[in-house]
Amino acid sequence: SVLSKEPLSIVTRDGDARFSDFVNWILQGLLAAEEQSITQATASSFTRSDVFGSRFEKMFVDAIAAVGNYGEIYERHLQSIVPRKTINSIN
């Protein structure tokens, strides 16, 4: 079985490539946070970045603090519908 972790259903508005890039970076950050066992409670320890300028330096920290890492979001919204098997978890 080959597993892949890239999301295949990300959708953003047409005509705004910068917004699409921002959303993709946030999603990648949520996945990376799960891999690194950084949770909503420990979000402040996640890497800061100025890829979108200093105004968004805490974009990953803020996103994880608001909703948790990818696994936390999945657990909260999808686990009861489509359980994640151990083989399909990132950690």
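This passage describes how two helices pack together in a predicted model.

A good place to begin is the interior. The largest nonpolar core holds 13 residues, and those with the most contacts inside it are I26, L30, A33, F46, M59, F60 and I64. At least two residues of this core come from each of helix 1 (17-35) and helix 2 (59-67). Helix 2 gives the largest share, with five residues. In soluble globular proteins, nonpolar side chains tend to be buried together.

The two helices can then be looked at as a pair. Helix 1 and helix 2 pack at an angle of about 65°, their axes lie 10 Å apart, and their crossing is right-handed. On the side of helix 1, the contact is formed by F22, W25, I26, G29, L30 and A33; helix 2 meets them with M59, F60, A63, I64 and V67. Of the residues in this contact, 10 are nonpolar, one is polar and none is charged. The polar one is G29, because Gly counts as polar in this scheme.

Helix 2 deserves a closer look of its own. Its buried residues are M59, F60, V61, A63 and I64, and the buried residues of this helix pack against helix 1. Just after helix 2 comes G68, whose phi is positive, at about 90°.

Finally, L30 links several of these features. This residue is listed among those with the most contacts inside the core, and it belongs to the helix 1 side of the contact with helix 2. Leaving aside residues up to four places away in sequence, L30 touches A63, I64, V67, G68, N69, Y70 and I73.

How values were computed
Residues are numbered from 1 along each chain as its sequence is written. This is a predicted model: local features need pLDDT of at least 70, side-chain atom pairs count only at pLDDT 80 or more; totals for chains, interfaces and linings use all residues. Side-chain values use heavy atoms; hydrogens and water are left out. A nonpolar core is a set of buried Ala, Val, Leu, Ile, Met, Phe, Trp, Tyr and Cys residues joined through side-chain atoms within 4.5 Å. Buried means under 20% relative accessible area, exposed over 50%, partly exposed in between (1.4 Å probe, protein chains only). Helices (H or I, at least four residues) and strands (E, at least two) are DSSP runs, numbered from the N terminus. Contact means heavy atoms within 4.5 Å. Axes are lines fitted to C-alpha atoms, for helices over the stretch in contact, and angles run from 0 to 180 degrees between N-to-C directions. A crossing is left-handed if the near helix is turned anticlockwise from the far one by less than a right angle, and right-handed if clockwise.
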